[in-house]
Amino acid sequence: MYARPAVSESVFEAPFEPAQCGERLNRLYDGDFEQFWNYILRQGYTGAPEFAWSTPELAGETPEAWRQRAYQCVLEVERANHHDDSPETRYAVGYFLWFGTTSLGYEKDPDGQPGVRERGYRLLSNTAAEGYRPAMETIIQVHLEMVQSVDQRIAYAARAGKTVTLPDWWPDRDRLILSLDRAAKSGFSSAYLAISSIYSERALLVGATGHDHNGKRATSPDPRLISAAKAYRKAWEENRTAPVTPAPTPAPSPAS
C-alpha cells in the first residue's frame, strides 16, 4: 500500500459550510462521482475546472472571498473521500484535483505540504502503477502535458533570456517519455500519439522561439524530431484501439 499524500489543513481555518458549495460538489462529498464522470464524458478533461469551481457566489461576496471559499470547497472533495482506498475513488479524486485545479499552479501549500496538483498527480500515478486501467490511460494525457509544459517553458524562457526552475517533485522529461513508450508497448496505443505530439511540438518550438526544448539556440528543427513524430504516429495508426477510461481523453495535438 502506498503512502497517501498529506492533506493540508491550513485552508480550513476559515468557517466552512459544505451546503454553500453547490449541488455538484456535495455529491462528490458523498462519494458519488457519477455526475462528474458524465460531465467529463460530454466536455472532455478540459471541462474539469468548470465543474470543480462551480461553487455559487453569495450575495455581496467579493471575488477574493468567493475564490477562498471555492478553494475550500474543492479541497473538501479530497478530504471527504480521504479514507476510501478503492482505486475507483482514488482515481476519481486524483482526476478531479489534477485537471480541475489547473489555475493553481504547482507550488507547495503554505505549510510546506505537497500542493493540490502534486497530490492529484500522485493519486493518478500511484493508481495507474497499481494496474487500474482507467488511470493507466489517463496518465498518458497527464505525462504528455507535463512534458510539453516544460518544453514550452524552457524554449520561451530561453528566447527571453531567462531560465526555468521546475518544482522539485516534477518527473524528468526523458523518464516521462520512457513511461509513455512502455505504455504504448503494453497496449495503450494513445501513448504512441502522445509521443508523436511531443516530437512534433518540439520541432514547432524551434520555429516559434528560435530555441529548442532544452533552451539551446536553433535555426531549424532537428530532422530526427520530425522523423520520430512520423514514426510514432504511424505506430498509433497501426495499433490504435478504443480508449479504456470512463473519462475519454481527446487525442492530443501540438500546442500552438
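**Entry 1: the disulfide**

A disulfide is a pair of cysteine sulfur atoms within 2.5 Å. I wrote that down before opening the model, which is a predicted one. A disulfide is also a covalent bond between the sulfur atoms of two cysteines.

How many disulfides does the structure hold? I found one disulfide. It joins Cys 21 to Cys 73, with an S to S distance of 2.0 Å. That distance fits the cut-off of 2.5 Å, so I count the pair as a disulfide.

Next I looked up the torsion about the S-S bond of Cys 21 and Cys 73. The torsion is about -75 degrees, so this disulfide is left-handed. The pair links distant parts of the chain, with its two cysteines 52 residues apart. Cys 21 lies in the segment before helix 1 (23-29), and Cys 73 sits in helix 4 (residues 63-80).

Are these two cysteines buried or exposed? Cys 21 has 1% relative accessibility, so I note Cys 21 as buried. Cys 73 has 0% relative accessibility, so Cys 73 is buried too. I kept the cut-off beside me here, because buried means under 20% relative accessible area.

**Entry 2: the whole chain**

Then I stepped back to the overall picture. The chain has 10 helices and zero strands. Reading along the sequence, I get the pattern α-α-α-α-α-α-α-α-α-α. Of the 256 residues in the chain, 48% are buried.

I also checked how contacts spread along the sequence. Among the contacts in the chain with a separation of 6 or more, 69% are between residues 24 or more positions apart.

**Entry 3: the nonpolar core**

Which residues have the most contacts inside the largest nonpolar core? They are Leu 25, Phe 36, Tyr 95, Phe 96 and Trp 98, and this core has 65 residues. Helix 7 (residues 133-159) gives the most to this core, with nine residues.

I followed Leu 25 a little further. Leaving out residues up to four places away in sequence, Leu 25 touches Phe 51, Ala 52, Ser 54, Thr 55, Cys 73, Val 74, Val 77 and Phe 96. I was glad to meet Cys 73 again in that list, as Cys 73 is one half of the disulfide.

**Entry 4: helix 9 and its partners**

Two packed helices are described by the angle between their axes and the distance between the axes. I looked up both values for two pairs.

Helix 9 (residues 190-209) and helix 10 (residues 223-239) pack at an angle of about 160 degrees, with axes 8 Å apart. Angles over 145 degrees count as roughly antiparallel, and helix 9 is therefore roughly antiparallel to helix 10. Helix 9 passes helix 10 in a left-handed crossing. The contact includes Tyr 192, Ile 195 and Tyr 199 of helix 9, and Ala 228, Tyr 232 and Trp 236 of helix 10.

How do helix 7 and helix 9 cross? Their axes come within 10 Å and cross at roughly 10 degrees. With angles under 35 degrees counting as roughly parallel, helix 7 is therefore roughly parallel to helix 9. Where these two helices meet, I saw Leu 144, Val 147 and Asp 151 among the residues of helix 7, and Ala 194, Ile 198 and Leu 205 among those of helix 9.

Ile 198, in helix 9, seemed worth its own note. Its relative accessibility is 1%, so Ile 198 counts as buried. Leaving out residues up to four places away in sequence, Ile 198 touches Leu 144, Val 147, Gln 148, Asp 151, Ile 177 and Leu 180. I also looked up Ile 198 and Ala 228, which are 30 residues apart along the chain, with C-alpha atoms separated by 9.7 Å.

**Entry 5: two more buried residues**

I found Tyr 39 in helix 2 (residues 34-43). At 7% relative accessibility, Tyr 39 counts as buried. Outside its neighbours up to four places away in sequence, Tyr 39 touches Arg 24, Gly 44, Gly 47, Glu 50 and Phe 51. Tyr 39 and Glu 50 are 11 residues apart in sequence and 9.9 Å apart, C-alpha to C-alpha.

My last stop was Val 93, in helix 5 (residues 87-100). Val 93 is buried, with a relative accessible area of 4%. What does Val 93 touch, not counting residues up to four places away in sequence? I listed Phe 33, Glu 78, Asn 81 and Leu 123. Phe 33 lies 60 residues from Val 93 in sequence, yet their C-alpha atoms are 9.1 Å apart in space.

Conventions. Residues are numbered from 1 along each chain as its sequence is written. This is a predicted model: local features need pLDDT of at least 70, side-chain atom pairs count only at pLDDT 80 or more; totals for chains, interfaces and linings use all residues. Side-chain values use heavy atoms; hydrogens and water are left out. Helices (H or I, at least four residues) and strands (E, at least two) are DSSP runs, numbered from the N terminus. Buried means under 20% relative accessible area, exposed over 50%, partly exposed in between (1.4 Å probe, protein chains only). A nonpolar core is a set of buried Ala, Val, Leu, Ile, Met, Phe, Trp, Tyr and Cys residues joined through side-chain atoms within 4.5 Å. Contact means heavy atoms within 4.5 Å. Axes are lines fitted to C-alpha atoms, for helices over the stretch in contact, and angles run from 0 to 180 degrees between N-to-C directions. Angles under 35 degrees count as roughly parallel, over 145 as roughly antiparallel, 65 to 115 as roughly perpendicular and the rest as oblique. A crossing is left-handed if the near helix is turned anticlockwise from the far one by less than a right angle, and right-handed if clockwise.
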